[in-house]
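Could you walk me through this model, starting with the ligand and the space around it? Keep it relaxed, and finish with the backbone.

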Amino acid sequence: MNCKKGCFITFEGPEGAGKSTQVKLLRQALEKRGIQTIVTREPGGTPLAEQLRDIVKYHEGDEPMAAETELLLFAASRAQHVRNLIKPAVAEGKVVICDRFYDSTTAYQGYARSLELDFVQRLNMFAIAGCKPDLTILLDLPPEAGFSRTAARAETQGLNDRLENEALDFHLAVRSAFLTIAEQEPERVKVVSALDAPEVIHCTIMELIENVV
Ligand SMILES: Nc1ncnc2c1ncn2[C@@H]1O[C@H](COP(=O)(O)OP(=O)(O)OP(=O)(O)O)[C@@H](O)[C@H]1O
Ligand SMILES: [Mg+2]
């Protein structure tokens with residue numbers, strides 16, 4: 001592995017799939033090799049994008065958030081993130097690892113919330129302005145397994161967010177949407193089973209990374 005130019009790697013998958021766990025392991029592995037690595041997440045990643053994250057994930061009160069508003073808030077957060085963090089870091093030759101990106105918007109707001117898919121995809125492209133991931137790791141997991149992993153966290157760290165609180169059908173639709181996205185873009189999106197042990201998954205990811213970093 002010999003990183004001469006920047007690159008952009010995203011992690012996708014349902015709640016509890018192990019995205020944050022794998023992002024951390026990958027960052028450690030790359031840094032050990034002396035590769036400058038930036039870890040970030042969506043929604044969020046810059047101060048303004050993090051403010052939008054709070055609204056879109058934790059909004060509560062009497063006025064429900066429309067699905068369209070949710071979609072636009074994710075896109076607004078992404079537009080800031082790409083322009084003020086991801087693009088500049090990749091241009092400086094860093095490896096940027098992002099926990100969720102626009103495939104989550106396609107899966108959750110496009111497929112699972114049944115917003116117009118063509119528009120969602122055009123909005124995604126508008127927000128990213130050409131900043132497509134070089135590689136996307138899709139950690140695939142049945143929702144039930146994800147729930148049991150995150151239940152323990154909800155007990156220790158407080159309430160689930162708005163999307164985590166959706167019903168099982170919604171999460172089944174999200175899983176199948178992610179798999180559809182991977183089928184449509186097999187070069188970019190690599191499916192990795194999230195059922196294996198974290199270290200096994202990490203080794204698989206390192207093999208996939210060799211081709212881009
Ligand atoms: N491969 C694995 N096998 C079993 N448990 C795992 C595995 N990977 C992570 N976990 C555990 O499952 C829980 C969720 O993992 P993690 O936070 O990495 O998932 P996530 O995809 O980032 O979830 P979220 O979408 O909610 O942020 C954690 O308690 C973590 O320790
Ligand atoms: Mg996480």
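Before we go in, one cut-off: a polar contact here is a pair of N or O atoms within 3.5 Å. Keep in mind too that this is a predicted model.

With that in hand, start at Thr 21, where a polar side-chain atom sits 2.5 Å from an oxygen atom of ligand 1. Lys 19 does something of the kind: one of its polar side-chain atoms is 2.6 Å from a ligand 1 oxygen. Ala 17 joins in through its backbone, with a polar backbone atom 3.2 Å from an oxygen atom of ligand 1. How much of ligand 1 does the protein bury? On its own the ligand exposes 630 Å², and the protein buries 72% of that.

Now zoom out to the whole shell. Ligand 1 is surrounded by 17 residues, and the closest are Lys 19, Ser 20, Thr 21, Arg 153 and Asp 196. Sorted by type, the shell comes to 6 nonpolar, 4 polar and 7 charged residues. Three helices, H1, H6 and H8, each put in at least two residues. Which of the elements gives the most? That's H1, with 3 residues.

And where does ligand 1 sit? In the largest pocket, which has a volume of about 950 Å³. The pocket is lined by 41 residues, and those closest to its centre are Lys 19, Ser 20, Asp 99, Arg 153 and Glu 164. If you want to trace the walls by element, the ones giving two or more residues to the lining are helix H1 (19–32), strand S2 (37–41), helix H2 (47–58), helix H3 (67–91), helix H4 (102–112), helix H6 (143–157) and helix H8 (198–210). By type, the lining divides into 14 nonpolar, 13 polar and 14 charged residues.

There's a closed space to look at as well. The structure holds 1 cavity of 30 Å³ or more, and the volume of the largest cavity is about 40 Å³. Its lining is made up of Pro 14, Glu 15, Pro 143, Gly 146, Phe 147 and His 171. Helix H6 turns up again, giving the largest share of that lining, 3 residues. Split by type, the cavity lining has 3 nonpolar, 2 polar and 1 charged residue.

Follow H6 onward and you get to Arg 162, in the loop between H6 and helix H7 (168–184). What does the side chain of Arg 162 reach at 2.5 Å? The backbone oxygen of Val 56. The Arg 162 side chain also makes a polar contact with the side chain of Glu 70, at 3.0 Å.

Last, two spots to check in the backbone. The peptide bond from Glu 42 to Pro 43 is cis, with omega near -10°, and Pro 43 lies in the loop between S2 and H2. The other spot is Arg 100, in the loop between strand S3 (95–99) and H4. Its phi is near 75°, a positive value in a residue other than glycine.

Conventions
Residues numbered from 1 in each chain as written. Chains lettered and ligands numbered in written order. Predicted model: local features only at pLDDT ≥ 70, side-chain atom pairs only at ≥ 80, totals over all residues. Heavy atoms only, no water. 1 Å grid on protein atoms, 1.4 Å probe; cavity = no way out; pocket = protein on both sides within 12 Å on 5 of 7 lines; lining within 4 Å. Points joined across faces, edges and corners; volume = space filled by probe spheres on them. Helix = DSSP H or I, 4+ residues; strand = E, 2+ residues; numbered from the N terminus. Nonpolar A, V, L, I, M, F, W, Y, C, P; charged D, E, K, R; others polar. Near = heavy atom within 4 Å. Polar contact = N/O pair within 3.5 Å; in protein donor to acceptor, adjacent residues only side chain to side chain. Areas by Shrake-Rupley, 256 points an atom, 1.4 Å probe, with all protein chains shown as cover. Sits in = over half its atoms within 2 Å of the grid points.
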